[in-house]
Amino acid sequence: MTTSASCGGLSKVMSAVTAVCLALVTAGCAAFFLPEELKVDPAAVEEVHDIGTVFTRTMADPIYGNTIQLEDILIMDVGGSGVDEALDIARERLAQRGWKVVGASERLLVMESAKWEGTTLQAAGVDRFESYGAERETEILKELETDPAKADKYLVVSLSPAK
């Protein structure tokens, strides 16, 4: 009789140990399979927001491997009469805030700031907006099509986080 009683107690202990192990394995697997999410510091977005008038703001969330990079995208007017002048104005205003040019090509500006380490800023004409895969892309493009003057002078400014 003592044997069956101790076996019943052992069975309960084994069940409890199995439950704890299963919980730990499940938590470990969930952490392994859940993607890491990177975001831009909201203060960096606010700093860039202040260089002009924001027409609209949206997000993109591309996934690279096991990482989701939440990109903040601003469609904005910095006061230029066209894209080239707007990029020059944006470059100057951002430089005053500590941003440095790390790349540029025709109608594309890439900048970084030591203050916002790990954040990359890209500014371009609205014609490049479709390549961002933004959440409100269709809605924004329709609105810009109704006033072509906006599309000619507005910039798409994207802030991307990195590890």
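Biologist: Between which two strands does the loop holding Arg-107 lie?

Modeller: Helices (H or I, at least four residues) and strands (E, at least two) are DSSP runs, numbered from the N terminus. On that numbering, Arg-107 lies in the loop between strand 5 (99-105) and strand 6 (108-113). This is a predicted model, in which local features need pLDDT of at least 70, side-chain atom pairs count only at pLDDT 80 or more, and totals for chains, interfaces and linings use all residues. Residues are numbered from 1 along each chain as its sequence is written, and side-chain values use heavy atoms, with hydrogens and water left out. The two elements asked for are strand 5 and strand 6.

Biologist: What is the phi of Arg-107?

Modeller: Most residues other than glycine have a negative phi. Arg-107 is not a glycine, yet its phi is positive. The value is about 60°.

Biologist: Is Arg-107 buried, partly exposed or exposed?

Modeller: Buried means under 20% relative accessible area, exposed over 50%, and partly exposed in between (1.4 Å probe, protein chains only). Arg-107 has a relative accessible area of 35%, so this residue is partly exposed.

Biologist: How many salt bridges does the structure hold?

Modeller: Side chains of opposite charge can pair when their charged atoms come close. A salt bridge is counted where a side-chain nitrogen of Lys or Arg is within 4 Å of a carboxyl oxygen of Asp or Glu. The number in this structure is 6.

Biologist: How far apart in the chain are Glu-47 and Lys-115?

Modeller: The side chains of Glu-47 and Lys-115 meet in a salt bridge, at 3.1 Å from N to O. Glu-47 belongs to helix 2 (residues 42-49), whereas Lys-115 sits in the loop between strand 6 and strand 7 (119-125). Glu-47 is buried at 10% relative accessibility, while Lys-115 is exposed at 54%. The pair links distant parts of the chain, 68 residues apart.

Biologist: Which strands hold Asp-72 and Arg-57?

Modeller: Asp-72 and Arg-57 form a salt bridge through their side chains, at 2.6 Å from N to O. Asp-72 is buried, with 5% relative accessibility, and Arg-57 is partly exposed, with 42%. Asp-72 is in strand 4 (residues 67-77) and Arg-57 is in strand 2 (residues 53-60).

Biologist: Which element supplies the largest share of the largest nonpolar core?

Modeller: A nonpolar core is a set of buried Ala, Val, Leu, Ile, Met, Phe, Trp, Tyr and Cys residues joined through side-chain atoms within 4.5 Å. The largest one has 23 residues, and those that touch the most other members include Val-48, Leu-94 and Trp-99. Helix 2, strand 4, helix 3 (83-96), strand 6, strand 7 and strand 8 (155-161) each supply at least two residues. The largest share, 6 residues, comes from helix 3.

Biologist: Which residues does Leu-94 touch, not counting those up to four places away in sequence?

Modeller: Contact means heavy atoms within 4.5 Å. With residues up to four places away in sequence left out, Leu-94 touches Val-48, Ile-51, Trp-99, Met-111 and Leu-121.

Biologist: What is the geometry of the pair formed by Phe-55 and Tyr-154?

Modeller: Rings of Phe, Tyr and Trp (its six-membered ring) pair if their centres lie within 6.5 Å; planes under 30 degrees apart count as stacked, over 60 as edge-to-face and the rest as tilted. Phe-55 lies in strand 2 and Tyr-154 in the loop between helix 5 (148-153) and strand 8, so the pair ties together parts 99 residues apart in sequence. The centres are 5.3 Å apart and the planes meet at 65°, and the geometry is edge-to-face.
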